[in-house]
Amino acid sequence: MTIYRQLVFFGLLLTSFGSLAQHESPLQSAGNIRLSGTEDPATSKVFIVQLRSPSAAEHHASSQIKFRFNKNDAAVQAYAAKITLEQDRVFEKIGPDARKIYSYKYGLNGFAARMSIAQARKLESFPEVLNVWEDEIRPLATRNSATFLGLFDQDSGLRSKHGLSGDGLVIAVIDSGIARTPELGPLLEAEYDLATVPARPSFAPRYDHGTMVATILSRAAHREVRLISLRIDDPRGCPPGISPPCPPRSAPTADGRR
């Protein structure tokens, strides 16, 4: 099997995952609380409350500010303080016996609180409130994507049709670089620095995130694979509050996916 066919297979797999992501999952489409009528409205439970105004990350994205989102930035902190006050005003309307557990400011504007079912029902009618969900554990919709995509189908599956067994698979890891550890050293084919010119020394990453990802991938494959490292982390280091690989701009990541 040629490397070309292996990379085509890997690309098709990523494309399939991307198309699935465009469809709303059952977890994302869950509506607000629904009462069956058999529960005591005075029963106390934990609920997640989402407000209508945008979170700090959403506000940052819509403002067209050029710099990368950083929760420690003064403007972001000021907006986070503003929506925290809004959350407090909504929470005060619930009642004196409600208990606030957590405040969400960055990815989501809302809070988690313990309250009665009747109070949660009342909260849904507030104009500032977008959603109210009961806090609960939900299982993953699927943990076997290959079977879900039909890759193992004996007649028309991608693997059987093209004789793809996974042996000799070449995996490109777009991250902060991979260290030549005793476990990964024999698997490493090459490293390409997409974030700076001239390239930094190969297999000498500043952060260990890419090495961790590559180690997990190689162990999960249950067969020998070959690894190509596409390094995209900022040569100046990650800004405070930003985790690696922290690319300095979007171009290195886009180049890696091509």
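**View 1. The salt bridge between Arg200 and Asp233 in the predicted model**. In this predicted model, Arg200 forms a salt bridge with Asp233, and their closest N and O atoms lie 3.3 Å apart. The pair links distant parts of the chain, since Arg200 sits in the loop between S6 and H7 while Asp233 belongs to the loop between strand S7 (226-231) and helix H8 (251-257), 33 residues apart. Arg200 is buried, and Asp233 is buried as well. Asp233 also takes part in a salt bridge with Arg231, where the side chains meet at 2.8 Å, N to O, and both Arg231 and Asp233 are buried. Through salt bridges that share partners, Asp193, Arg200, Arg231 and Asp233 are joined into one network.

**View 2. The salt bridge between Glu183 and Arg219**. The side chains of Glu183 and Arg219 meet in a salt bridge with an N to O distance of 2.8 Å. This pair, too, links distant parts of the chain, with Glu183 in the loop between strand S5 (170-175) and strand S6 (188-193) and Arg219 in helix H7 (residues 209-220), 36 residues apart. Glu183 counts as partly exposed because its relative accessibility is 38%, and Arg219, with a relative accessible area of 55%, is exposed. In the protein as a whole, the count of salt bridges comes to 10.

**View 3. Val197 in the loop between S6 and H7**. Val197 is found in the loop between S6 and H7, the loop in which Arg200 is also placed. Which is Val197, buried or exposed? With a relative accessible area of 80%, Val197 is exposed, whereas Arg200 is buried. The C-alpha atom of Val197 is separated by 9.9 Å from that of Pro235, a residue 38 places away along the chain.

**View 4. Helix H3 and its two faces**. Helix H3 (residues 74-92) contains 19 residues and reaches 27 Å from its first C-alpha to its last, close to the 27 Å expected at 1.5 Å a residue. The buried residues in H3 are Val76, Tyr79, Ala80, Ile83, Glu86, Gln87, Val90 and Phe91. These residues lie on the same side of H3 because they cover an arc of only 135° around the axis. Turned away from that buried side is a face carrying the exposed residues Ala74, Lys82, Leu85, Arg89 and Glu92. The elements that cover the buried residues of H3 include strand S1 (44-51), helix H2 (56-62), strand S2 (99-104), S3, helix H4 (117-124) and strand S4 (129-134). At the start of the helix, a side-chain oxygen of Asp73 reaches to within 3.0 Å of the backbone nitrogen of Ala75.

**View 5. Helix H4 and its buried side**. The buried residues of H4 are Ile117, Gln119, Ala120 and Leu123. They cover an arc of only 160° around the axis and therefore fall on the same side of H4. Cover for these buried residues comes from elements that include S1, H3, S3 and S4, while H4 is itself among the elements that cover the buried residues of H3. Ala120, which has its place in helix H4, is buried with a relative accessible area of 0%. The C-alpha atoms of Ala120 and Glu134, which are 14 residues apart along the chain, are separated by 8.8 Å.

**View 6. Ser116 in strand S3 and its contacts**. Ser116 lies in strand S3, which spans residues 110-116. With a relative accessible area of 11%, Ser116 is buried, because this value falls under the 20% limit. Which residues does Ser116 touch, not counting those up to four places away in sequence? Ser116 touches Pro41, Ala42, Thr43, Ser44 and Phe47.

**View 7. The protein as the setting for the close-up views**. The secondary structure of the protein comes to eight helices and seven strands. Of the 258 residues in the protein, 33% are buried. Among contacts between residues at least 6 apart in sequence, 72% join residues that are at least 24 apart. The protein exposes about 15,900 Å², of which carbon and sulfur atoms supply 56%.

How values were computed. Residues numbered from 1 in each chain as written. Predicted model: local features only at pLDDT ≥ 70, side-chain atom pairs only at ≥ 80, totals over all residues. Heavy atoms only, no water. Helix = DSSP H or I, 4+ residues; strand = E, 2+ residues; numbered from the N terminus. Buried < 20%, exposed > 50% of the residue type's maximum accessible area, 1.4 Å probe, protein only. Contact = heavy atoms within 4.5 Å. Areas by Shrake-Rupley, 256 points an atom, 1.4 Å probe, with all protein chains shown as cover. Salt bridge = Lys/Arg side-chain N within 4 Å of Asp/Glu carboxyl O. Expected span 1.5 Å × (residues − 1). Arc of directions from axis to C-beta. Polar contact = N/O pair within 3.5 Å; in protein donor to acceptor, adjacent residues only side chain to side chain.
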